[in-house]
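Here are some short exercises to work through with the coordinates open beside you. Try each task before reading its solution.

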Amino acid sequence: MLEIVIFSTLNGILYGLLLFMLSSGLTLIFSMMGVLNFAHASFYMLGAYFAYTMGMEVGFWPALLLAPILVGGLGAMVEKFGLRRVHENGHVAELLFTFGLAYVIDELVQLIWGTVAVAYREPDYMREPLFTLFGTDYSIFRGVVILIAVFMFIALWFLLKKTRVGMMIRAALTHGNMVGHLGHNVPRLFMGVFGFGCALAGLAGVIGGPLLATEPGMAVTLGPIVFVVVVVGGMGSLIGAFYASLLIGLIQTFFVAIDASIADILNAFGMNVDPYGEVTGITLASLAPMTPFILLVLILIFRPRGLMGELEP
Amino acid sequence: MNDITAVAPRQNRFSWRALSPWLISAAVLLILPFVLESGTAFTLMNVIAVNIVFALSYNMLLGQGGMLSFGHAVFFGLGSYAAMHAMNAIDEASYAGEGFWSHIPVVSMPLVGMIAGGLVALIIGWPFCRRAGTAFAMITLGLGEMVAAAGQMFPSVFGGEAGIYGNRMVGPQWFGLELAQATDVYWFMAFWTFLAVFAMWAFTRTPLGRMSNAVRDNPDRLQFIGYPPRNIRFMIFIASGSFGGLAGGMAAVNYEIITPEALGLIPSGLALLMAAVGGLGVFYGPIVGAIVVSLMNSMLSDYTDASILYVGLVFLAIVMFAPRGLGGGIEQFRVALREGSLGKRLPGWLIGAAAVVLISLGLVLFIELLFQWRHGDDEFAHFFGLDFAAGSLMSWIWALVMFAGGVAVMRFSKKFREDNA
């Protein structure tokens, strides 16, 4: 039991950190430009595939640096030549644009890398156990991922709070027009933030690819969950996105790990229900993919501004 | 969709002009089966009919009510499931020769779907309709994912991965429709499509239909004059869900199988795709979109393996360059024709069209070459009867030349096109 709790907590935190890497960029983009970028998870997927292709040439570590830069550049191009054009037609048009973009990127990935998963894996030496607990190994790679994630958060915090650009970004989050009136180049700032957010998603892809699986469906499976994180955390709140990421990561991991059905739980509370019924026989593990969306609908109904958000979407 | 078109004055007098589109489309529907010959053409027509109703019902939300939904397939799918279960009930009842369902013909299945879709919207809709915009988009996305996941979880209702299937040749026959062949099904489809399209058009003329445009354009003002926007959104949501369910009922009869995948994000996206390609601002836009997208989906796959990519690119191009969609383009053409300014504006349009054709030729060649390079079984990418070798640089240069030529035409004719617009 303790084994399950410890490993589920570790894995849940890991998954949560990965989610936060994705959702931090999405939150920044959303609160600044008002665009809920549907293609965000597609950039995550591109990060994984770029790192896979580059990794074969230059190795894992250079790819870890290069792939996010490439994805970020691509994101900046998309903002400059696509999104900016659509902007004048309103938010719905922007959402439609990113939706179509996600569609096209998914298809392009299938076209270039094929419809089955590619063998993108961490280097061999990172598959060694970092420590062994209750006879189960925790690989070095997982530890490295946590380190990278923590390093990224510190860098993000430093960038936003301690640099001039960060100050402009924070100002533009709430007072976009005023920043423009003060003579800063807001479109360029938008492009930078969009590219930066996409680069973060790309970084998440580089480390998420070996962790989960690098296949064309990875954007579709993770994309909606990232939206859930952003909405649950509160639109535009980085710290809210952080808590929501960890929350969803932990909930999903624990639901998968606990081998019990609804009936088992109800029976434990003294109720007497059929353990093999259609509804009561559902295991928590099979409920796991649904939990983020249940949370989303509940949050939107009862607390539309999210956990930490100040504005309603 | 943000431009507010002037509300036409109410015409109470009978006019052939208002009636003509209906007469023409009815005539087309009647004549088509005598022109079409192959069974595959009928199959395609039936798919298009389902998609037309689906796309139009979606546009009640997005185009007319301003509510962007990513979960419209929930109504389509649940309507379809209801119709399928009803069809199986008819099968059993008519086998036993008694019971309520033994008197119900299969041709009325779209009504069952409609009731189911409307009921689902009625039950779940109220908390969703508080806000439009991003909140609505997100909550419908969550709903869609949730229902799709639930579809896998209750096999006795949804049939698990394999779905459930039925038989449409059961129960009492009406109008001598045996529904055995695709040609038989065509009459069924034509009837329901015509009826549903007319009903949805009539809906836009009702006070509620007008109000739905108001809630899209200015909800605050609507609230101010005493109509709570949430109530109106809720009513639109129910109406749209009903017609989505009706499309689902048609699909149940057409395909005779339904899987939980029909509830998910992919069919919801298809509705959005069709409506946006056709144009959200014109009533008949989604019809055009449904026809074009269905044709592209079924025909392109004969010629290329990247057919879905092309559909996506067309969607992206329309969102970027022609936000009013194909229907908006047709409207523009009609306005020019009526004003007599067609002669002045046509050259600019033709130049623009030529540029678009060049750009798309370049892109298509590029994609085909890319595909050939990655997956090629033979050496050449087939391109409108010509063969291009993916290995030779010249092919790629051709693609680039066509693309750049198109962009150049676009750039240099910009002033001319704007002056004559």
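**Exercise 1. A residue with an unusual backbone angle**

Decide whether Glu256(B) is buried or partly exposed, then describe its backbone and its place in the chain.

Solution. Start with the neighbour count: Glu256(B) has 17 C-beta neighbours inside 10 Å. Being buried takes 20 or more, and exposed means 12 or fewer, so Glu256(B) counts as partly exposed. Next, look at the backbone: Glu256(B) is not a glycine, yet its phi is positive, about 60°. Finally, place it: Glu256(B) sits in the loop that links helix 10 (229–255) to strand 2 (257–258) of chain B. Keep in mind that this is a predicted model.

**Exercise 2. A residue inside a helix**

Find which element holds Ala239(B), and work out how it is packed.

Solution. First, Ala239(B) belongs to helix 10 of chain B. Second, count its surroundings: 25 other C-beta atoms lie within 10 Å, so Ala239(B) is buried. Third, list its partners beyond four places in sequence: these are Met60(B) and Phe203(B). As a last check, measure from Ala239(B) to Ser57(B): their C-alpha atoms are 8.2 Å apart, although 182 residues separate the two along the chain.

**Exercise 3. The largest nonpolar core**

Identify which residues touch the most other members of the largest nonpolar core, and say where this core lies with respect to the domains of chain B.

Solution. The core has 206 residues, and those touching the most other members are Val226(A), Val229(A), Val231(A), Val53(B), Phe243(B), Met250(B) and Ala276(B). Domain 1 (23–286) and domain 2 (341–419) of chain B both contribute residues, so the core lies between them. Over C-alpha atoms, the centres of these two domains of chain B are 38 Å apart. Now zoom in on Met250(B): setting aside neighbours within four places in sequence, its contacts are Ala49(B), Val50(B), Val53(B), Pro110(B), Met189(B) and Trp192(B).

**Exercise 4. Where the chains meet**

Work out how many residues of each chain are in contact with the other, and which helix of chain B gives the most to its side.

Solution. Begin with the totals: 33 residues of chain B are in contact with 38 residues of chain A. On the chain B side, helix 5 (133–153), helix 13 (307–321) and helix 15 (342–375) each supply at least two residues. Helix 5 of chain B gives the most, with 13 residues. Sorting this side of chain B by class yields 24 nonpolar, six polar and three charged residues.

**Exercise 5. The build of chain A**

Judge how compact chain A is, using its radius of gyration.

Solution. List the elements first: chain A has 13 helices and two strands. Its radius of gyration is 20 Å, close to the 20 Å from the globule rule for 313 residues, so chain A is as compact as a globular protein of that length. The C-alpha trace spans about 65 × 50 × 40 Å along its principal axes. In chain A, 46% of the 313 residues are buried. Of its contacts with a separation of 6 or more, 72% join residues 24 or more positions apart.

**Exercise 6. Confidence**

Find where confidence in chain B is lowest and where it is highest.

Solution. The mean pLDDT of chain B is 83, with 93% of its residues at 70 or more. Strand 3 (residues 380–383) of chain B is lowest, at a mean of 61, and helix 10 of chain B is highest, at 92. For the model as a whole, the scores are ipTM 0.83 and pTM 0.87.

Key: Residues numbered from 1 in each chain as written. Chains lettered and ligands numbered in written order. Predicted model: local features only at pLDDT ≥ 70, side-chain atom pairs only at ≥ 80, totals over all residues. Helix = DSSP H or I, 4+ residues; strand = E, 2+ residues; numbered from the N terminus. Rg over C-alpha atoms; globule rule 2.2 N^0.38 Å. Contact = placed C-beta atoms within 7 Å. Core = buried A, V, L, I, M, F, W, Y, C linked by C-beta atoms within 7 Å. Domains from an automatic or database assignment. Nonpolar A, V, L, I, M, F, W, Y, C, P; charged D, E, K, R; others polar. pLDDT = per-residue confidence, 0-100.
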